[in-house]
Amino acid sequence: MTRVGAEKLRSELSELKSVVRPRIIAAIAAAREHGDLRENAEYHAAREQQSFCEGRISEIESKLSGCEIIDVTRIEPTGRVI
C-alpha cells in the first residue's frame, strides 16, 4: 500500500471513530426514547448504520494491520505490479 493510501484509510478511520460512531450512538439513544423497539423504524435504521460503521472500522483496521507501506519512487519501472 502506498503511503498516501494508508493516510486516506487512517483519515477515514479517525472520522468513523470520532464523528460517525458518536452520531450513530446518539441516534440510537434518541430512538430508544420513543418506546417500543420492535416497531421503531428510526431505531432499526440507526442500528443498521451502526452495523455498517463497525464493519467498515474492522475492515480498515484489518487492512492497516496487514499492509506494507511502499515507496513507489523506488520501484523499478517494469510495468508490472506484484
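In which helix is A45 found? A45 is found in helix 2. Helices here are DSSP runs of H or I with at least four residues, numbered from the N terminus.

The structure is a predicted model, in which local features need pLDDT of at least 70, side-chain atom pairs count only at pLDDT 80 or more, and totals for chains, interfaces and linings use all residues. Residues are numbered from 1 along each chain as its sequence is written, and side-chain values use heavy atoms, with hydrogens and water left out.

Helix 1 covers residues 3–32, a run of 30 residues. The expected span of a helix is 1.5 Å times one less than its number of residues. For helix 1 this gives 44 Å, and the end C-alpha atoms are 42 Å apart, which agrees. Helix 1 also has a kink of about 40°, centred on L16. The bend at a residue is the angle between axes fitted to the seven residues ending there and the seven starting there.

Helix 2 covers residues 41–66. With 26 residues, helix 2 should span 38 Å. Its end C-alpha atoms are 38 Å apart, so the two values agree.

The two helices pack at an angle of about 160°, and their axes lie 9 Å apart. Helix 1 is therefore roughly antiparallel to helix 2, a label given to angles over 145 degrees. Axes are lines fitted to C-alpha atoms, for helices over the stretch in contact, and angles run from 0 to 180 degrees between N-to-C directions. The crossing of helix 1 past helix 2 is left-handed; that is, the near helix is turned anticlockwise from the far one by less than a right angle.

Which residues of helix 1 are buried? They are A6, L9, L13, L16, V20, I24, I28 and A31. Buried means under 20% relative accessible area, exposed over 50%, and partly exposed in between (1.4 Å probe, protein chains only). Helix 2 is among the elements that cover these residues. In helix 2, the buried residues are Y43, A46, C53, R56, I57, I60 and L64. Their cover includes helix 1.

I24 lies in helix 1. Its relative accessibility is 5%, so I24 counts as buried. Leaving aside neighbours within four places in sequence, I24 is in contact (heavy atoms within 4.5 Å) with A46, Q49, Q50 and C53. From I24 to K8 the C-alpha distance is 22 Å, with their positions 16 residues apart in sequence.

R56 belongs to helix 2. R56 has 19% relative accessibility and therefore counts as buried. Not counting residues up to four places away in sequence, R56 touches L9, E12, L16 and K63. L16 is also the centre of the kink in helix 1.

Q49 is another residue of helix 2. Q49 is partly exposed, because its relative accessible area is 47%. Q49 is also one of the contacts of I24. The C-alpha atoms of Q49 and V20 are 9.4 Å apart, although the two residues are 29 residues apart in sequence.

A45 has a relative accessibility of 38%, so A45 counts as partly exposed. A45 and E76 are 31 residues apart along the chain. Their C-alpha atoms are separated by 49 Å.

Conventions
Angles under 35 degrees count as roughly parallel, over 145 as roughly antiparallel, 65 to 115 as roughly perpendicular and the rest as oblique.
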